[in-house]
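Got the viewer open? Let's take a walk through this chain, one selection at a time.

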Amino acid sequence: MKSMSKRKGKNDSEYVVICREFNRPSAKIEISVIDSGVTDDLLKKLIRLRHIDTHRRYFLTTKKNYQKYGAVMKKQAETMSFHGNRNIVELGADLDKERGKNEKN
């Protein structure tokens, strides 16, 4: 019985996805958060979507970090200035290419 109560208390997902979308008609950046149903299958689909629609970017972080740094993380996703932050990871980004760009600048 103890193990069942632990499972019931546990969140469905340990992760949060932050979606950054450039809304072309209004010329604004919109930030939304997916905090339920974050599965491996969803992450794979979001990575594919990122390559199809370049105006959308998806970032992954833990629920614990998001609860602590949520406003900061949303701001970082909005400005894309989060180099070196290990608490947030862009889905589908080729990190080796990104590092090369940063080193040249």
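Start with the sheet and select S3, residues 56-62, together with S4, residues 89-90: the two strands run antiparallel and are joined by 2 bridges. To see one of the pairings, pick Leu60, whose bridge partner in S4 is Val89. Keep in mind as you click around that this is a predicted model.

Now add S1, residues 15-23. S1 also runs antiparallel to S3, and 7 bridges join the two. Zoom in on Cys19 and you'll find Tyr58 of S3 standing opposite. If you turn on side chains here, remember that in a regular strand they alternate between the two faces of the sheet.

Time to zoom out and colour by secondary structure. How many helices and strands does the chain have? The secondary structure comes to 4 helices and 4 strands. Follow the chain from the N terminus and the elements go α-β-β-α-β-α-β-α. Among contacts with a separation of 6 or more, 59% are between residues 24 or more positions apart.

Next stop: H2. Select residues 40-52. The helix has 13 residues and spans 19 Å from its first C-alpha to its last, close to the 18 Å expected at 1.5 Å a residue. Show the side chains of Leu43, Leu46 and Arg50, which are buried. Look down the helix axis: the buried residues of H2 line one face, because they fall within an arc of 60 degrees. What covers them? The cover includes S1, S3 and S4, the strands you've just visited. Then spin to the other side of H2, where Lys44, Arg48, His51 and Ile52 are exposed.

Stay with H2 and centre on Arg50. Is Arg50 buried or exposed? Its relative accessible area is 13%, and buried means under 20%, so Arg50 counts as buried. Look for a partner to its side chain: one of its polar atoms lies 3.3 Å from the backbone oxygen of Leu91. Now show what surrounds Arg50. Leaving aside neighbours within four places in sequence, Arg50 is in contact with Arg56, Arg57 and Tyr58, and also with Glu90, Leu91, Gly92 and Ala93. Tyr58 is a residue you've met already, as the one opposite Cys19.

For the last view, switch on the surface. The accessible surface of the chain comes to about 8000 Å², with 50% of that belonging to carbon and sulfur atoms. Of the 105 residues in the chain, 25% are buried, and Arg50 is among the buried residues of H2.

Methods
Residues are numbered from 1 along each chain as its sequence is written. This is a predicted model: local features need pLDDT of at least 70, side-chain atom pairs count only at pLDDT 80 or more; totals for chains, interfaces and linings use all residues. Side-chain values use heavy atoms; hydrogens and water are left out. Two strands pair if DSSP finds at least two bridges between them. Buried means under 20% relative accessible area, exposed over 50%, partly exposed in between (1.4 Å probe, protein chains only). A polar contact is a pair of N or O atoms within 3.5 Å; within protein, one must be able to donate a hydrogen and the other to accept it, and residues adjacent in sequence count only if both atoms are side-chain atoms. Contact means heavy atoms within 4.5 Å. Accessible areas come from the Shrake-Rupley method with a 1.4 Å probe; for residues, only the protein chains shown count as cover. The expected span of a helix is 1.5 Å times one less than its number of residues. The arc is that of the directions from the helix axis to the C-beta atoms.
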